[in-house]
Amino acid sequence: MAALSLPTFTAAFSFLLLFTSHTQAQTAPAPGPAGPLNFTGILDKNGQYTTFIRLLIQTQVASQITNQLNSSTEGLTVFAPTDNAFTSLKAGTLNNLTTQQQVDLVLYHVLPKYYTLASLLTVSNPVRTQATGQDGGAYGLNFTGSGNQVNVSSGVVETPINNALRQQFPLAVYQVDKVLLPNDLFGAKAPASAPPPAKTPSSGSSNETATKAASSPDNSDAGSIKSNAGFMGLVFGMMGLLFIGIFS
């Protein structure tokens with residue numbers, strides 16, 4: 001057998017490599033679709049969010065977030081208070097809320113759109129939350145800051161956004177070190193209206209009262225005169241009887 005020339009061998013080897021690569025590309029399995037996001041799993045993995053996770057599950061907001069992430073094209077942004085943030089609340093703050101108010105509080109920590117930290121600095125304040133419109137409340141948040149520092153304010157509390165637990169569409173999760181207390185639930189209440197002023201007596205009643213008061217001394221004097229006259233008559237009568245007895 002005649003030996004293959006170098007150019008022929010090189011061409012044959014290149015063809016073999018090309019054929020092998022093409023065959024492997026055809027038989028390699030296609031990557032499967034990404035599974036649904038496990039929102040509470042993200043919080044649980046990072047730790048220190050047990051109270052917020054409990055509220056999310058208890059109010060069923062966790063299920064609502066999962067459903068929206070699978071159907072919404074806008075994405076979501078969540079502000080997750082740490083366990084220390086809840087511990088810092090005044091005693092009884094959560095227990096004094098009704099079931100609906102607890103739902104509103106949790107929804108207040110969710111924005112119905114995906115925001116990066118940079119985009120939060122360019123929003124028009126106040127920004128609506130998932131609680132906006134609940135019970136007729138505004139439930140808006142305000143964002144300020146510069147550079148890499150972003151602050152969020154509810155009107156009752158203000159805190160910096162310290163850490164991005166996730167910042168990838170369709171879900172952004174940011175850590176906050178204070179519970180965002182909505183002004184609609186925790187703001188200063190309007191002062192109670194003052195009681196109506198007491199009614200002043202009319203001029204007619206005043207005149208009548210003054211007239212009665214002025215006439216009272218006259219009546220009293222008249223009574224005193226009548227009483228004295230009767231007493232003097234009794235004295236003179238007794239003296240007359242005494243003189244008659246003496247000279248009889």
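In this predicted model, A118 counts as exposed, because its relative accessibility of 55% lies over the 50% cut-off. The residue sits in helix 7, which spans residues 117-120. A118 and G147 are separated by 29 residues in sequence, and their C-alpha atoms are 8.1 Å apart in space.

The opposite situation is found at T77, which belongs to strand 1 (residues 76-81). T77 is buried because its relative accessible area is 0%, and buried means under 20%. A polar atom of the T77 side chain lies 2.8 Å from the backbone nitrogen of Y115. When neighbours within four places in sequence are left aside, the contacts of T77 comprise H109, V110, L111, K113, Y114, Y115, A172 and Y174.

A further buried threonine is T129, with a relative accessibility of 0%. T129 is placed in the loop between strand 3 (127-128) and strand 4. Its side chain reaches two backbone atoms: the nitrogen of A131 at 3.1 Å and the oxygen of Y139 at 2.9 Å. Beyond its neighbours within four places in sequence, T129 is in contact with L107, Y108, V110, L111, P112, Y139 and L141. V110 and L111 thus appear among the contacts of T77 and also among those of T129.

Strand 1 also contributes to the aromatic pairs, of which the structure holds four. In one of them, the ring centres of F79 and F143 are 5.7 Å apart and the ring planes meet at 35°, so the pair is tilted. Because F79 lies in strand 1 and F143 in strand 4 (residues 140-146), this pair ties together parts that are 64 residues apart in sequence. Both F79 and F143 are buried. Together with Y174, F79 and F143 form one aromatic cluster; Y174 is also one of the contacts of T77.

Helix 4 (residues 61-71) shows how burial can be distributed around a helix. Its residues V61, A62, I65 and L69 are buried. These four cover an arc of only 105° around the axis, which means that they lie on the same side of helix 4. The face turned away from this buried side carries the exposed residues N67, N70 and S71. The packing partners of the buried residues include several helices, namely helix 2 (39-46), helix 3 (50-58) and helix 6 (99-107). Strand 1, strand 2 (110-111) and strand 7 (171-176) are likewise packed against by the buried residues of helix 4.

The backbone remains to be considered. Most residues other than glycine have a negative phi, and most peptide bonds are trans. Q48, although not a glycine, has a positive phi of about 60°. Q48 is found in the loop between helix 2 and helix 3 and counts as partly exposed, at 40% relative accessibility. Q60 is not a glycine either, and its phi is positive at about 65°. This residue occupies the loop between helix 3 and helix 4; at 58% relative accessibility, Q60 counts as exposed.

Two peptide bonds that precede proline are cis. The bond from N125 to P126 is cis, with omega near -5°, and P126 lies in the loop between helix 7 and strand 3. The bond from F169 to P170 is cis as well, with omega near 15°. P170 is found in the loop between strand 6 (158-168) and strand 7.

Conventions: Residues numbered from 1 in each chain as written. Predicted model: local features only at pLDDT ≥ 70, side-chain atom pairs only at ≥ 80, totals over all residues. Heavy atoms only, no water. Helix = DSSP H or I, 4+ residues; strand = E, 2+ residues; numbered from the N terminus. Buried < 20%, exposed > 50% of the residue type's maximum accessible area, 1.4 Å probe, protein only. Polar contact = N/O pair within 3.5 Å; in protein donor to acceptor, adjacent residues only side chain to side chain. Contact = heavy atoms within 4.5 Å. Phe/Tyr/Trp six-rings, centres within 6.5 Å; stacked < 30°, edge-to-face > 60°. Arc of directions from axis to C-beta.
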